[in-house]
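User: I'm new to reading structures and would like a close look at one part of this one. Could you walk me through a single chain, its helices and the way it meets its neighbour?

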Amino acid sequence: MRVAGPPPETRHQGTEKKHNSNFRNHDEARLIHSARHNNKLPNRAMETKMTFIKKTLASSVALAVTAVMATAAQAEISDGEIRIGYLADMSGTYRDLAGPGGLEALRMAVEDFGGSVNGAPIQVFSADDRNSADVGANTVREWIDTRNVDMVAGLVASSVTIAVTRVLEENNSFGIVSASAASSITNEHCTPNHIHWVYDTYPLANGTAQAVVQQGGDTWFMLTADYAFGHALESDVTRVVEENGGQIVGGVRHPFPTDDFSSYILQAQGSGAKIIGLANAGADTVNAINTASQFGVVEAGQQLAGLLVFLNDVHAMGLDATQGLLLTTGWYWDMDDEAREWAERYYERVGRMPTMVQAGIYSSTYHYLQAVEATGSDDPATVREHMMRQPIHDFFARNGRLREDGRMVHDMYLARVKSPEESTHEWDLYEILTTIPAEEAYRPLSESQCKLVQN
Amino acid sequence: MTMIFGVPLAVFMGQLLLGLINGAFYALLSLGLAVIFGLLKIVNFAHGAMYMLGAFATLLGMRYLGINYWAALLLAPLFVGLLGMLIERVLLRRIGHLDHLYGLLLTFGLALIFEGTLVNFFGVSGARYPTPEALQGGYQTGFMFLPKYRAWVLLAALVVCFATWYIIERTRLGAYLRAGTENPALMQAFGVNVPLLVTLTYGFGVALAAFAGVLAAPLYPVSPTMGSNLLIVVFAVVVIGGMGSILGAIVTGLAMGLIEGLTKVYYPEAANTVIFLVMILVLLLRPAGLFGKEA
């Protein structure tokens, strides 16, 4: 696999880059860089400098010295600009949950921040990853090489995100993941160079499955998207259902993507399970729910449990098809005054209410900029450390904190989709039932496989 | 309970029926493709986009002009058909003398433009079109709950398919059409306006796709990508049936729906690929397709 661990050579370049920022500007650094490769040093001063660096690295006190140097060197903003690259699916299946709306949320955060940090202007650019890990990783590599990007935002499909975080780690850059679902992003795939903001599969299964079983839905039929994300969600759900005394009585793994779910719904009807769990996302979930409503699943006494459902999905399907659906969300635009106030500003610009992902992009960007302002630096380690020290509380995150594995844990919510009679307008879609406290919602650090966590 | 290979008879029958309904969609779409390819020798990659436009015309017609489902069944294909004729007259005709590949590229480009434009305005989540009131609910058939709307889809698609087959294979107009593509110069000498026939045929072919789009609107979310998802499968159906064979397209469409339906019970993981497996087998054993004439 091409994304597997960085080769030693690249790692070396990573360290070198850090030292290069010692020099006043990029050109100087590049000069030394190329000079070193040609073995022709421009002058003695630099030679001394390079030898010094080499010696330091070789010496037994290298660690301590590098740390001191890094902090000293990075206490400024590189290139005199903060450069944020927004990478997302701008045209495919996942467009509406993040996409152009997320970019607009990012721009709002930058504008609200005043457009600059400590006098350094903030520059925003974006690209479409087309849900391809290759395209995503190459775009970010290019941003690092040619534009010296400081922070990569957005990050939607889990496969793209995992590939991109490898690139970020190799090059010691920084990324904030807002839209991906896989909990492995801060578990076995964690790096010191990225954090995960909005939600992941762990609280999705925890919140929805547990609530459903406790309400008496103790026999489940699983409808699972046949790829890594679906399998992960299915196993998380199975664990939660069985822990709570429920039982999985059957299931079917459908190809990704699938348009016609009638056959699978018929099988689910035949299984006699009380609950049909949907371990899929986006268009697949939408199609499954639509088909279930056509076949009178709910009228016949079975219930659906959508495990990853976004606001735009419910909006697209309409309340007739989705009413009564239980779901776990990281945020809902109408949950309180603070959330509403921001959502209305967003609505004026975009013409749609924001999903939790779009709100999370604003929230995470704003916190990032605050950390840059406070530390006066755009060095990933410095910024991340500062973000970890600050409690996170805004219109989006409640009782939030950034853990050492890069997971931002915050309160999650169990919601129920309203019936057409209960809903007062187009975007009045959820009723929040309970709050799942931050510390219970996410995978506990004691179970973490992240290399940054000392167990 | 009677079991068929480990599946209860009731479930088995239900799956067969569902397969047949999906097959009706394949038949309708591949029929349009077959008509266009058989008579015009155009590999119409815009067919999926036309199906999508049919669904969108239905949705937007209801939203902004108050056109109901039954009127849309007629108006949406008419609208898309006219659009198709415009495309044929303005674009396709100019490259008629070139290799088929150019037509393929042109129609593929058009499909991307239609799709991209609509993505820009409507996003990809798709919108829901309500099931017409008269067709809500369903029948308890003893072995399954059959939604009325799906029964209607099957009926409507079959009627349209066989009417098309009848017009082309059994009427004088159909005979003109077939003759016009066989030897356009001779037909023109007989005083038949062949270019007009070609334009009408293309319009009719894409109108069939739009008709399928109207039928699909209450079943699937109406989204700009709905056509491209289906197009590849439909092309496989046409290849299996034999490029350009009218009856082949209809029969193969229904058969592939059935095969896919059974795969969904016995090995759901392969449901999306089984049609392509059949295609490979057919290409190996009978390269001209099941109903095609050897070149």
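Analyst: Here is a tour of chain B, going from the record to the helix pairs and then to the contact with chain A. Keep in mind that this is a predicted model.

Let's start with what the record says. The unreviewed UniProt entry carries the annotation "transmembrane region" for residues 12-37, 72-92, 104-129, 149-168, 196-220, 232-258 and 270-289 of chain B. What does the model show over two of those stretches? Residues 149-168 of chain B are 100% helix and 0% strand, with the end C-alpha atoms 29 Å apart. Residues 196-220 of chain B come out at 84% helix and 0% strand, and there the end C-alpha atoms are 35 Å apart.

Now look at the helices in that part of the chain. Helix α5 of chain B spans residues 148-170 and helix α8 of chain B spans residues 194-216; their axes come within 11 Å and cross at roughly 170 degrees. An angle over 145 degrees counts as roughly antiparallel, so that is how α5(B) sits relative to α8(B). If you zoom in, you'll find B:V153, B:A156, B:A157, B:V160 and B:T164 on the α5(B) side, meeting B:L208, B:F211 and B:L215 on the α8(B) side. Sorted by class, this contact has seven nonpolar residues, one polar and no charged.

Next, try another pair. Helix α2 (residues 47-65) and helix α9 (residues 226-241), both of chain B, pack with their axes 8 Å apart, at an angle of about 140 degrees. These two are therefore oblique to each other, and the crossing of α2(B) and α9(B) is right-handed. From α2(B) come B:H47, B:G48, B:A49, B:Y51, B:M52 and B:A55, while α9(B) brings B:M226, B:G227, B:S228, B:L230 and B:L231. The contact of α2(B) with α9(B) divides into seven nonpolar, four polar and no charged residues.

Finally, step back to where the two chains meet. On the chain B side, 27 residues are in contact with 30 residues of chain A. Which elements of chain B give two or more residues to that side? They are α1 (9-40), β4 (145-147) and α10 (246-266). The most come from α1(B), which gives five residues. As for class, the side of chain B that touches chain A has 14 nonpolar, ten polar and three charged residues.

Terms used:
Residues numbered from 1 in each chain as written. Chains lettered and ligands numbered in written order. Predicted model: local features only at pLDDT ≥ 70, side-chain atom pairs only at ≥ 80, totals over all residues. Contact = placed C-beta atoms within 7 Å. Helix = DSSP H or I, 4+ residues; strand = E, 2+ residues; numbered from the N terminus. Nonpolar A, V, L, I, M, F, W, Y, C, P; charged D, E, K, R; others polar. UniProt positions renumbered as here; feature names shortened; annotations may be inferred. Axes fitted to C-alpha atoms, helices over the stretch in contact; angles between N-to-C directions. Parallel < 35°, antiparallel > 145°, perpendicular 65-115°, else oblique. Left-handed = near helix turned anticlockwise from the far one by under 90°.
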